Protein chains: 2
Amino acid sequence: MQTPVHQTPALEVVDPPKLKVEPLEAASSLRMLAYEALKRAITQMDIYGSTTEFRLDERQLSETLGVSRTPIREAMTVLEQEGFVRSVPRRGIFVVRKTKREILDLIVVWAALEAMAARLAATHASDSEIAGLRRLFHEFEAQPLASHMNEYSEANIAFHQAVIRMGGCRLIVDMTENLFLHMRAIRAVSVRQENRHEISMREHMAIIDALETRDPDLAERLVREHTMGLAAHVERHGVFPE
Amino acid sequence: MQTPVHQTPALEVVDPPKLKVEPLEAASSLRMLAYEALKRAITQMDIYGSTTEFRLDERQLSETLGVSRTPIREAMTVLEQEGFVRSVPRRGIFVVRKTKREILDLIVVWAALEAMAARLAATHASDSEIAGLRRLFHEFEAQPLASHMNEYSEANIAFHQAVIRMGGCRLIVDMTENLFLHMRAIRAVSVRQENRHEISMREHMAIIDALETRDPDLAERLVREHTMGLAAHVERHGVFPE
DNA sequence: CCGTGAAATACTGTATACGGTGTTCAGAAC
DNA sequence: GTTCTGAACACCGTATACAGTATTTCACGG
């Protein structure tokens, strides 16, 4: 702005000075801070470990976090919208424990969205992205078995999120983010079956193959069947309260 | 409660007096009232008709609705979560105008979820439900042409919502509800193509046929291609700001 | 006449106070 | 001993007040 205009010829395209200003607007409001803190706390706690209901007290939380009830309430509103807590008029705010039916619904939606993402990825993703997915897969194989034994392990979720990102549909990425957060919460009660992990890895490999051969129909079908297989597994063996 | 317990033999099952109390708890809180009022107002207004930005003033709204800012703010928080408004720190709250990219994403998610619902419906829906869908379809045909000319008409949306409900997945029903609300908003700028309506109706018929023959793969594919066809249509002919 | 700077205004985010209702505990009666 | 009723307490929803910051406008200088 200090530079006079006439010193810059109109037709000469110059690179801007690259000031590299920080975004700096991260985590501005207390409401956002409270939201993140509460979400972290909720997703980390083992909800399905016990049967006692977890009640959240606004006043207590406001004292613990050092803010007033207002940001807490606004954060709670968002968390309720996202399905993590449920506010009962005069009883308090409870951390929701999904029923078996609701968990199956979550998995079905997950299957639908990821199947579509896989279809899109098969046609739109770059070769390097698909190569990256294969690399990611091999990193999992190298990890100790215990860390990716079940469907809700970080490694497994990372694979699926990578597929979803490759679809290039931002809305699908955003929508599945909270879905996986719910999935993580129920990993504690997930049932392990000896050969399931092995089958899962083979199916992942097949999905990568389908993406590499640019076969949208096959990629979609494999992803859908893979995830719906998990739904069937939970349906049969999953043990959930209620 | 007035009746002594010993007058009712334990093994005798008697019909309760049927007091038929009203639910009465509907829309209790001002926050819910404000939410519904604002959502109605936003979805009804023609956002894409003009290019001027719609700003919502908390104070003005609180005076108009006769409540304080608090319920307004809480309602706004939910509406922002649902993607209807966007709150810019010091500028105000604006009604969001989706970009072409975002609208395409909405349609893709719609396609993914309804395709899955159709798959589920093909195996789980009852014969009478499918028959009801066909009846619904014929009611549309009987209506004047103008009322169901484009993809965002009430009649068309009702058809798709019926298919989604038949899937039996509650989460899909809930998630697509807001999706269609966004769809309604952009019907004003939807492009009409002479033969498109005719093609659309034929495709609807084919979907019903697939459900009747209990063919999940076909039903899913037809629904997906039908909706993705709309996406391609919008991609080519849609005119949206930005 | 245009640009810059400062001040005022206005709006948002946060805190706090208050009212109403639900819940729970205690006491009394059966 | 059990159950019902009433009162007290506690918590949620709403209103309102306050502070901080951004934006806009006006004035002054170049």
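Visitor: Which elements each supply at least two residues of the surface near DNA strand D?

Guide: One reads such a surface by asking which helices and strands its residues belong to. In this predicted model, α2 (58-65) and α3 of chain A, together with α1 (30-44) and α3 of chain B, each supply at least two residues of the surface near DNA strand D. The largest share, three residues, comes from α3(B).

Visitor: How many residues surround DNA strand D, and which are the closest?

Guide: DNA strand D is surrounded by 18 residues, and the closest are R73(A), L30(B), S68(B), T70(B) and R90(B). Of the atoms of DNA strand D that come within 4 Å of the protein, sugar and phosphate account for 61%. By class, the residues of this surface divide into four nonpolar, five polar and nine charged.

Visitor: Which atoms of DNA strand D lie opposite R69(A), L30(B) and T70(B)?

Guide: Here one looks at the part of the DNA that each residue meets. An N or O atom in the side chain of R69(A) is 3.0 Å from a base nitrogen of DNA strand D. A base nitrogen of this strand also lies 2.8 Å from a polar side-chain atom of T70(B). For L30(B), a backbone N or O atom lies 2.4 Å from a phosphate oxygen of DNA strand D.

Visitor: Let us turn to the other strand. How many residues surround DNA strand C, and which are the closest?

Guide: There are 18 residues around DNA strand C, the closest being L30(A), S68(A), T70(A), R90(A) and R59(B). Sugar and phosphate make up 61% of the atoms of DNA strand C that come within 4 Å of the protein. The surface near this strand has four nonpolar, five polar and nine charged residues.

Visitor: Where on DNA strand C do the atoms of L30(A), S68(A) and T70(A) point to a partner?

Guide: Two of these residues are listed with a phosphate oxygen and one with a base nitrogen. A phosphate oxygen of DNA strand C lies 2.4 Å from a backbone N or O atom of L30(A). A polar side-chain atom of S68(A) lies 2.6 Å from a phosphate oxygen. For T70(A), a polar side-chain atom lies 2.8 Å from a base nitrogen of DNA strand C. The elements that give two or more residues to this surface are α1 (30-44) and α3 (69-81) of chain A, together with α2 (58-65) and α3 (69-81) of chain B. With three residues, α3(A) gives the most.

Visitor: How many helices and strands are there in chain A?

Guide: The elements are counted and then read in order along the sequence. Chain A has nine helices and three strands, in the pattern α-β-α-α-β-β-α-α-α-α-α-α. Of its 242 residues, 45% count as buried. Among contacts in chain A between residues at least 6 apart in sequence, 75% join residues at least 24 apart.

Visitor: What is the order of the strands in the sheet of chain A?

Guide: A sheet is read from one edge to the other. In chain A the order is β1-β3-β2, in an open sheet of three strands with antiparallel pairing. The edge strands, β1 (55-56) and β2 (85-88), each pair on one side only. Four bridges join β2(A) to the antiparallel strand β3 (residues 92-95) of chain A, and S87(A) stands opposite I93(A) in β3(A). Helix α3(A) packs on the sheet, touching β1, β2 and β3 of chain A, and its direction makes about 115 degrees with that of β2(A).

Visitor: Which residues is R55(A) in contact with, leaving aside its neighbours within four places in sequence?

Guide: R55(A) lies in strand β1 of chain A. Leaving aside those neighbours, R55(A) is in contact with R91(A), G92(A), I93(A) and F94(A). By contrast, I157(A) is 102 residues from R55(A) along the chain, and their C-alpha atoms are separated by 29 Å.

Visitor: What is the sign of phi at R214(A)?

Guide: Most residues other than glycine have a negative phi. R214(A), however, has a positive phi, near 55 degrees. R214(A) lies in the loop between α8 (196-212) and α9 (216-237) of chain A.

Visitor: Is R214(A) buried, partly exposed or exposed?

Guide: R214(A) is partly exposed, with a relative accessible area of 29%. In chain B, R214(B) also counts as partly exposed, at 28% relative accessibility. R214(B) has a positive phi near 60 degrees and lies in the loop between α8 (196-212) and α9 (216-237) of chain B.

Methods
Residues numbered from 1 in each chain as written. Chains lettered and ligands numbered in written order. Predicted model: local features only at pLDDT ≥ 70, side-chain atom pairs only at ≥ 80, totals over all residues. Heavy atoms only, no water. Near = heavy atom within 4 Å. Polar contact = N/O pair within 3.5 Å; in protein donor to acceptor, adjacent residues only side chain to side chain. Nonpolar A, V, L, I, M, F, W, Y, C, P; charged D, E, K, R; others polar. Pairing = 2+ DSSP bridges. Contact = heavy atoms within 4.5 Å. Axes fitted to C-alpha atoms, helices over the stretch in contact; angles between N-to-C directions. Buried < 20%, exposed > 50% of the residue type's maximum accessible area, 1.4 Å probe, protein only.
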